[in-house]
Amino acid sequence: MGMVSEASMARTLDPAAHTLRRDEFVDVAQRLMRTRGYELMSVQGVLDELRASKGAFYHYFGGKADLLEAVVERMVDDATSELAPVFDDPQLSAPEKLNHWFSGIVTWKMQRKDLLRAIIEVWLADENAIVREKFRKHLVDRLAAPLARVIEQGRQEGTFHVDSADATARVFISLMQAANEQAGALFVARQANAVTFEHADQVLAAYATAFERVLGAPAGTYPRIDRSLLHEWFG
């Protein structure tokens, strides 16, 4: 099938088929990023894997950076969907919900360590600033409402002391994003032996304290990350 006809066919697909075909490109890109790294993953390599034309690819994506954005967006969606049930567990207090959620994120990342390591450095590159900004917006869209519910629960329980659960949820997400980017930068710096393990530990511990202060929670509500897990990334 030629380039023009395949692209034309893509435009006529129903929404479900359109999403399925787009997901096939993301599937392959994610696998190639994990096995080759982002820099060695090419659009042509994705096309070869799927036996697809450039016309079909550019119907869904503007270029390689859009594939990175799609892979990261999928990771956010997968993680939030997998961890969402903890927010609705009636047996857990608000601090317990957030503790379970934080530990779940750590476990989720450990299970995908190869992929995360493959994209961390390029994710922080200047040319992907727009992609990171889109990621921030997507994260707010996915997490603001459920986090606000948990924060309001904590306020009702008397463990969180905030004026507005909705506003605090957005500040909390901004702090999460900063912590995530700082962790990525520290990982890259540790690989280059530019910072010590102790420095990485101290910086990430400071974020745990910041989370508590944003929520008006007692000191020690959110403990430091287990040092054995820290050594997995920064040792």
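Helices are DSSP runs of H or I with at least four residues, numbered from the N terminus; by this definition, R132 lies in helix α8. The structure is a predicted model, in which local features require pLDDT of at least 70 and side-chain atom pairs count only at pLDDT 80 or more, whereas totals for chains, interfaces and linings use all residues. Residues are numbered from 1 along each chain as its sequence is written, and side-chain values use heavy atoms, with hydrogens and water left out.

R132 is buried, with a relative accessible area of 12%, where buried denotes under 20%, exposed over 50% and partly exposed the range in between, for a 1.4 Å probe and protein chains only. When residues up to four places away in sequence are not counted, R132 touches W123, L124, A125 and E181, a contact being heavy atoms within 4.5 Å.

The largest nonpolar core (a set of buried Ala, Val, Leu, Ile, Met, Phe, Trp, Tyr and Cys residues joined through side-chain atoms within 4.5 Å) holds 76 residues, of which L98, W101 and F234 touch the most other members. Helix α9 gives the most to this core, with 11 residues. Outside the window of four places in sequence, W101 touches L83, V86, F87, L143, F172 and M176.

A pocket is taken as an open set of points, on a 1 Å grid over the protein atoms alone, where a 1.4 Å probe fits, with protein on both sides within 12 Å along at least five of seven lines, and lining residues have an atom within 4 Å of a point. The largest pocket encloses about 1300 Å³ of space, the volume being that filled by probe spheres set on the points, which are joined across faces, edges and corners. Its lining comprises 46 residues, of which I105, V106, K109, N180 and A183 lie nearest the centre. The largest share of this lining, 9 residues, comes from α6. By class, the lining residues divide into 35 nonpolar, 6 polar and 5 charged, with Ala, Val, Leu, Ile, Met, Phe, Trp, Tyr, Cys and Pro counted as nonpolar, Asp, Glu, Lys and Arg as charged, and the others, Gly among them, as polar.

Backbone geometry was also examined in the loops. Most residues other than glycine have a negative phi. R51, in the loop between α3 (43-50) and α4 (54-60), is not a glycine yet has a positive phi of about 55°, and R51 is exposed, with a relative accessible area of 79%. N193, in the loop between α9 and α10, likewise has a positive phi, of about 60°, without being a glycine, and counts as exposed at 62% relative accessibility.

Definitions and conventions: Helix = DSSP H or I, 4+ residues; strand = E, 2+ residues; numbered from the N terminus.
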